Amino acid sequence: MNKKLVAALSGGAALVLALTGCGGGDDDKKVNDWAKSVCDEVQPQLKKIQGANTAIQGAADEQDSKKLQQTDSKAFQEISESYGALAKAVNKAGPPPVDSGDKTQKQAVKELNATSGSYTKLKSAIDKLDTSDKSKFAQGLAGVADELDKLSKSGDQALQKLQEGKVGSAMAKQPGCQKPKTAGGATTQS
């Protein structure tokens with residue numbers, strides 16, 4: 001019943017991974033300091049998002065509609081809060097010290113807040129589903145999965161732009177912007 005939702009979540013991971021950076025190294029101190037200020041706030045949020053995704057995946061075979069609804073609702077709430085916290089972290093850090101840094105920062109904050117809002121809407125949609133009729137619930141869940149799929153495919157250009165050039169290189173070096181380690185498919189907790 002929840003497998004389509006799980007499949008859609010896999011695509012949503014791209015948004016999270018957009019924050020994890022990759023690349024070489026430029027030792028520009030201002031850029032590194034900026035990246036550190038953002039990345040120190042990123043890691044706990046990435047862990048929360050990953051944990052919420054794991055909860056949804058773990059409930060993929062759940063037959064009790066009410067339990068499935070509660071798991072998904074809680075996960076969407078956590079993901080929404082995490083994206084909101086990421087937006088605040090990027091906003092608080094200020095513009096990256098590169099050309100068009102102000103515009104890049106504003107776009108990233110706007111996109112992160114929009115993603116947060118989208119997950120709030122998904123939570124609301126899950127909460128409104130009728131769990132007493134398995135057929136109607138499955139149809140509603142399919143609709144939520146479709147919305148989640150659209151969300152996962154929506155543009156993350158602002159986040160990609162945030163990680164170009166010096167900023168991306170500096171972020172990639174920060175432990176907080178690296179993908180959380182997993183052991184046996186579960187997130188590690190610090």
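Biologist: What is the accessible surface of the protein, and what share belongs to carbon and sulfur atoms?

Modeller: The accessible surface of the protein comes to about 9,500 Å², and 51% of that belongs to carbon and sulfur atoms; such areas come from the Shrake-Rupley method with a 1.4 Å probe. The model is predicted, so that local features need pLDDT of at least 70 and side-chain atom pairs count only at pLDDT 80 or more, while totals for chains, interfaces and linings use all residues. Residues are numbered from 1 along each chain as its sequence is written, and side-chain values use heavy atoms, with hydrogens and water left out.

Biologist: Which elements does the protein have, from the N terminus on?

Modeller: The order is α-α-α-α-α-α-α-β-β, which amounts to seven helices and two strands, where helices (H or I, at least four residues) and strands (E, at least two) are DSSP runs numbered from the N terminus.

Biologist: Why are α2 and α7 called oblique to each other?

Modeller: Helix α2 (residues 29-58) and helix α7 (residues 165-173) pack at an angle of about 55 degrees, with their axes 8 Å apart. Angles under 35 degrees count as roughly parallel, over 145 as roughly antiparallel, 65 to 115 as roughly perpendicular and the rest as oblique, and α2 and α7 are therefore oblique. Their contact (heavy atoms within 4.5 Å) is made by V31, N32, W34, A35, V38 and C39 of α2 together with K166, V167, A170, M171 and K173 of α7.

Biologist: What makes α3 and α4 roughly antiparallel to each other?

Modeller: The axes of helix α3 (residues 65-93) and helix α4 (residues 101-128) cross at roughly 165 degrees and come within 8 Å. Set against the limit of over 145 degrees, that angle makes α3 and α4 roughly antiparallel. By class, their contact has 12 nonpolar, 11 polar and four charged residues, where Ala, Val, Leu, Ile, Met, Phe, Trp, Tyr, Cys and Pro count as nonpolar, Asp, Glu, Lys and Arg as charged, and the others, Gly among them, as polar.

Biologist: How do you know that L86 is buried?

Modeller: L86, which lies in helix α3, has a relative accessible area of 2%, and buried means under 20%, with exposed over 50% and partly exposed in between, so L86 is buried. Of the 190 residues of the protein, 44% count as buried.

Biologist: How many residues separate L86 and C39 in sequence?

Modeller: L86 and C39 are 47 residues apart in sequence, and 9.4 Å apart in space, C-alpha to C-alpha.

Technical notes:
Buried < 20%, exposed > 50% of the residue type's maximum accessible area, 1.4 Å probe, protein only. Axes fitted to C-alpha atoms, helices over the stretch in contact; angles between N-to-C directions.
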